[in-house]
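User: Could you take a close look at one part of this model for me, the helical stretch toward the end of the chain? I'd like to know how the pieces pack together and which residues do the work of touching.

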Amino acid sequence: MKLLVINAGSSSLKYQLYDMTDESVLAKGLVERIGMDSSILTHKPTGKEDVTEVSEILEHTTAIRKVLEKLTDKEQGVLASVDEIQAVGHRVVHGGEAFKGSALVTPEVKAEIRRLFDLAPLHNPPAIMGINASEANMPGVPNVVAFDTAFHQTMDEKVYLYPIPRVLYKKHRIRRYGAHGTSHQYVSRVAAEYLDRPIEDLKIITCHIGNGASLTAVKGGVSVDTSMGLTPLEGLMMGTRSGDLDPTVVTFVMNKEELSISEVNSMLNKHSGLLAISGSSSDMRDITDGWEAGKPNETLAFEMYEYRLRKYIGSYAAAMNGVDVIVFTAGVGENSAIVREKTCENLSYLGVELDKELNKIRSGEPRRISTPNSKVEVLVVPTNEELMIARDTLHIVQESK
């Protein structure tokens, strides 16, 4: 079965085409600047030269039509016909409490995704646009949605509730939902497979750290705690997000600076984190370069980031009464040897012992970076959310027949 996986943003659309007989990627690409007359489509067919095309793409339906044209092009394509695509999987950030796993798209499912727009205003609306565009271009082809929040629906009430009046949960479902669930689920499974140990027997801390970042405590294969909350703002210090702070900071700053709700929301989500402390960049590569050069602002940003990351790892070891495996993944987790080194350096009380030479290796494959004497396995596992979505899509489509 050939499946198309789509990740739609407000002005972008990523795609990967899979042949699920061997889970191979036939093609992948990205449409950028949707809504402009100078939109860019980058198409990467496996075994053929990459193609970049600039044209007017004003909305997502046209974007998917252009993608399908590239996938079926005689020279640049990998399909004889669009009819070869038997299902489409979509990434959706927020599924609320309604979805504990991926789901076949129905009018009711779309209505629920729309109801959750307030909780993911930057992500759920584009996801609906991607679903509608897919249905318009490929009528009759089943669509499946995979939710970033679904993996965390196993969290206990004592973990996901906030200590605020219960009426706010009952009326508005204000609680912790988490994010990056597809990634946390994927890398925890791969880690268990790599170690050749049953995931049911393992206590795993997965560190998905990129520009957005979250940690998850995975016990027996299920999420028991995660660092992001009602929205992806809670938790770790990130590229441009503040992460945890005293809630009074919000009202205090609004009062002193006469900021509106939207302005303070923008401050916390887009102008905080590494960017705010360094004053120069939200990119960890720039931060580590500045740290190595002895620049004070970048050094402080790096140290704050590592400290908060390490503190969350410690809290999740406490939450699970131990830890067997720590997994680093995503842009920073997979590529920053120095972040991994400095974090693990201060986890010796857990029995973590890093092999510095193994830590420096880049392979693109799951690998161990701890020493044989380490009481905790430390792994780097490249995430693959698209493959996880493709697997879920295949399973749900086959079940629905």
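Analyst:

**Helices that meet, and the loops between them**

Let's start with a contact you can trace by eye: F302, Y305, E306, L309, R310 and I313 in helix 11 meet I338, V339, K342 and T343 in helix 13. Sorted by class, this contact has six nonpolar, one polar and three charged residues. Please keep in mind that the model is predicted. The axes of helix 11 and helix 13 lie 9 Å apart, and the two helices pack at an angle of about 55°. Because angles from 35 to 65 degrees fall outside the parallel and perpendicular classes, helix 11 is oblique to helix 13. The crossing of helix 11 past helix 13 is right-handed.

Both of these helices also help to cover helix 10. In helix 10, which spans residues 284-292, the buried residues are M284, I287, T288 and G290. Viewed down the axis of helix 10, these buried residues fall within an arc of 160°, so they line one face of the helix. What covers them includes helix 9 (273-278), helix 11 (296-319), helix 12 (330-335) and helix 13 (337-345). On the face turned away from the buried side, helix 10 carries the exposed residues R285 and E292. After helix 10 comes G294, with a positive phi near 80°.

Staying with helix 13 for a moment, you can find a neighbour from farther along the chain. K356 is in helix 14, which covers residues 356-360. Leaving out residues up to four places away in sequence, K356 touches E341 and E345. The C-alpha atom of K356 is 9.6 Å from that of I338, and these two residues are 18 apart along the chain. I338 is one of the helix 13 residues in the contact with helix 11. With a relative accessibility of 44%, K356 counts as partly exposed.

Following helix 11 out the other way, you come to N321, in the loop between helix 11 and strand 12 (325-329). The phi of N321 is near 60°, which is positive although the residue is not glycine. N321 is exposed, with a relative accessible area of 67%.

Now for a second pair of helices. Helix 7 (residues 248-257) and helix 8 (residues 261-270) have axes 10 Å apart and pack at an angle of about 125°. Helix 7 and helix 8 are therefore oblique to each other. Helix 7 passes helix 8 in a right-handed crossing. On the helix 7 side, V250, V253 and M254 make the contact, and on the helix 8 side it is I261, V264, M267 and L268. By class, that contact has seven nonpolar, no polar and no charged residues.

The loop between helix 7 and helix 8 holds E258. Its phi is near 55°, a positive value in a residue other than glycine. E258 counts as exposed, at 70% relative accessibility.

Past helix 8, the loop leading to helix 9 contains S272. S272 counts as buried, at 10% relative accessibility. Setting aside neighbours within four places in sequence, S272 is in contact with G239, T240, R241, S242 and M267. M267 is also one of the helix 8 residues that meet helix 7, and helix 9, on the other side of this loop, is among the elements covering the buried residues of helix 10.

Terms used: Residues numbered from 1 in each chain as written. Predicted model: local features only at pLDDT ≥ 70, side-chain atom pairs only at ≥ 80, totals over all residues. Heavy atoms only, no water. Buried < 20%, exposed > 50% of the residue type's maximum accessible area, 1.4 Å probe, protein only. Helix = DSSP H or I, 4+ residues; strand = E, 2+ residues; numbered from the N terminus. Arc of directions from axis to C-beta. Contact = heavy atoms within 4.5 Å. Axes fitted to C-alpha atoms, helices over the stretch in contact; angles between N-to-C directions. Parallel < 35°, antiparallel > 145°, perpendicular 65-115°, else oblique. Left-handed = near helix turned anticlockwise from the far one by under 90°. Nonpolar A, V, L, I, M, F, W, Y, C, P; charged D, E, K, R; others polar.
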